[in-house]
Amino acid sequence: MALHRGRAASAPGDDELLRELAEDPADTDTGTGPDDAAPARARARREQRGPRTGRAAAVLRRNRTLLAVAAAAAVSLVVGLLLGRSALGPAQAQGVPEPGLITAPVAYGELSNDVVIRGEVAYSDAVEVRVDTSSVPGPPVVTGRVPAPGDELVALSIALEVAGRPVIVLPGELPAYRTLQVGVSGPDVVQFKQALRAVGLDGGDPSGDVFDARAAAAVTRLYEQAGYPAPESAEGAADGVRAAQEGVRGAEQALAAARADLERARSGADPVEVREADNAVASARRAVDSARAQDPAEPDLVADLEDALGLAQLRRAQLDAPADTSAQRAAVTAAEQQLRDARDALAEAREQALPSLPAGEVLYLSGLPRRVDATSATRGGLLEGPAMTVSGAALRVSGSAAEADARLLAVGAEAFLDLPDGSTHRAVVAAVAPGEDDSSRWRVDLDPDPFTPQQVSELQGANVRVSLPVGATQGPVLSVPLAALSAGAGGESRVEVVEGDPRAGDDARTRLVVVETGLAADGAVEVSAPQGGLAEGDLVVVGR
């Protein structure tokens, strides 16, 4: 730009003068030099040029700085060319080698193919906790045991205390929706028995769906472990038990009396009655004998006495015949049935007096332990709406993958997290779920191995790189770059092994080795040479 401005400022004809000065620099000579005629010639030329000579001198004076810079640049260019030639000279004299083969060594080691995703580290499966307060007598006031965010809920924990009664945490998925008492049946009973078995209590057959006396007895033991008294029985249940007990005692006494009557009937005639009958028969026989001995005998009297003897003998025979005890047996049967009914009534009354499990005093949570994320319940306040929000107590990693990659993953497969400190941490695939539509990415959930407390604080809410191996060799194998493979005439795979100097280009000595391929990962492929001729460290051609 400075040159442009200088040229624009010069008078017409200055360009021509500059060219003439460049052609004959002697015109600017001051008269010193080997040729004594130079000053004369210069003066003659100036005289011929006339006024133009003055203008040329003015141009030179105005652009003196510019000319100095241009001259310095020209000198630098010349010096650089000379130095460049001197530096290239030895190399050219020695000779630069011709470009050779592009090779890569045969590697030996384990090869794996990974699916790489990004995952969010967070506590998973957050749910709102609601407590059924319909069975609470009076207003549902929170009286204590309010957990703080970060607390953990485990089996037999007290999630809350409402109106002085506990809300006991048990493992399960089905929410408590009714009071469990003797006689009810259903899947909630099965869940309760299985939950008791999980915490070491016996509530009866865990597959049985009936809430019986054994399950009710286990409620008492459950509350003992929780540190609270068992729920009270229904009003009037104790009076019913006492009345049933009185009924059993009365039935037992009636049965005892009936059985005594039967025994008496079965024992036969009284010995006194037997003796009296025997005496009567003997007396009648003597009277007959005496009447017959009189002379003359009176026939009518003898006949009467003989009839009396027959009657006495008949009465005596009746005493030896079996007694009819049908009435006594019927009385005993009736008394026994009354006793059974009384005992059934007592058992029912006692069952009604057994403790029940109110729906509002148990909280079923799956995936225990659980972490409390937030608590809306406050001590002294009414319990309305969700009491708290809980999530899984362990951190879970959730990410997404393209459908093609997700289909390579299997639940239970290993994964590895890249932690902020540069280390890796093992995890397993917990779930792989398709997206909402065909174009959506699939969801991938992973359960990492336990973290240290410091790692938990660093990783919560972090986004980490996750590597999921989807294929791996069984131990170390030979591998080459994919570019080293070529196909033979028969479709077989082969590699070109360099035996000579790869810098010799097309003149380098090489040989073809037929190989079988295996797992491909990260631009490399597993190879084996059935006929030999390939070893670790051999150079294979990947380009020319």
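Pro171 stands opposite Leu365 in strand E9, a good place to enter this structure. The model is a predicted one, in which local features need pLDDT of at least 70 and side-chain atom pairs count only at pLDDT 80 or more, while totals for chains, interfaces and linings use all residues. Residues are numbered from 1 along each chain as its sequence is written, and side-chain values use heavy atoms, with hydrogens and water left out.

The protein holds 13 helices and 22 strands; these are DSSP runs numbered from the N terminus, with helices (H or I) of at least four residues and strands (E) of at least two. Of its 544 residues, 31% count as buried, where buried means under 20% relative accessible area, exposed over 50% and partly exposed in between, with a 1.4 Å probe and protein chains only. Contact means heavy atoms within 4.5 Å. Among contacts between residues at least 6 apart in sequence, 68% join residues at least 24 apart.

The pair that opened this passage belongs to an open sheet of four strands, in the order E5-E7-E8-E9 and with mixed pairing. Strands E5 (142–144) and E9 stand at the edges with a single partner strand each, so one side of each is left without a neighbour in the sheet. On average, neighbouring strands of this sheet are turned by 35° against each other, direction ignored. Two strands are taken to pair if DSSP finds at least two bridges between them. As a general reminder, strands of a sheet pair through backbone hydrogen bonds, either parallel or antiparallel.

Following the order of the sheet, E5 and strand E7 (residues 158–162) run antiparallel and are joined by two bridges; here Gly144 has Glu161 of E7 as its bridge partner. E7 and E8 also pair in the antiparallel sense, over four bridges, and Leu160 stands opposite Val167 in E8. The two strands E7 and E8 form a hairpin with two residues between them, and in the turn Ala163 has a positive phi of about 55°. E8 and E9, in turn, run parallel and are joined by four bridges. E8 is mostly covered, with five of its seven residues buried.

Two helices meet this sheet. Helix H6 packs on the sheet and touches strand E8 (165–171) and E9, its direction making about 85° with that of E8. Helix H7 (residues 213–226) lies across E7 and E8, running at about 105° to E8. For these angles, axes are lines fitted to C-alpha atoms, for helices over the stretch in contact, and values run from 0 to 180 degrees between N-to-C directions. In the loop between H6 and H7 lies Val199, which counts as buried at 17% relative accessibility. Leaving aside neighbours within four places in sequence, Val199 is in contact with Ala155, Leu156, Leu170 and Pro171. Val199 and Ala155 are 44 residues apart in sequence, yet their C-alpha atoms are 7.0 Å apart in space.

Spaces in the model were searched on a 1 Å grid over the protein atoms alone: a cavity is a set of points where a 1.4 Å probe fits but cannot get out, a pocket is an open set with protein on both sides within 12 Å along at least five of seven lines, and lining residues have an atom within 4 Å of a point. Grid points are joined across faces, edges and corners, and a volume is the space filled by probe spheres set on the points. The count comes to one cavity of 30 Å³ or more. The largest cavity holds about 70 Å³ of space, and of its 13 lining residues, Ala176, Arg178, Leu180, Asp188 and Tyr364 are the closest to its centre. Helix H6 (187–198) and strand E9 (362–365) each supply at least two residues of that lining.

The largest pocket encloses about 350 Å³ of space. Its lining has 18 residues, of which Ser135, Pro137, Arg165, Pro358 and Glu361 lie nearest the centre, and E8 gives the most, with three residues. The second largest pocket, with about 280 Å³ of space, is lined by 17 residues, of which Arg130, Pro175, Leu363, Tyr364 and Leu365 lie nearest its centre. Strand E4 (127–129) and E9 are the elements that give two or more residues to the lining of this second largest pocket, and the largest share, four residues, comes from E9.
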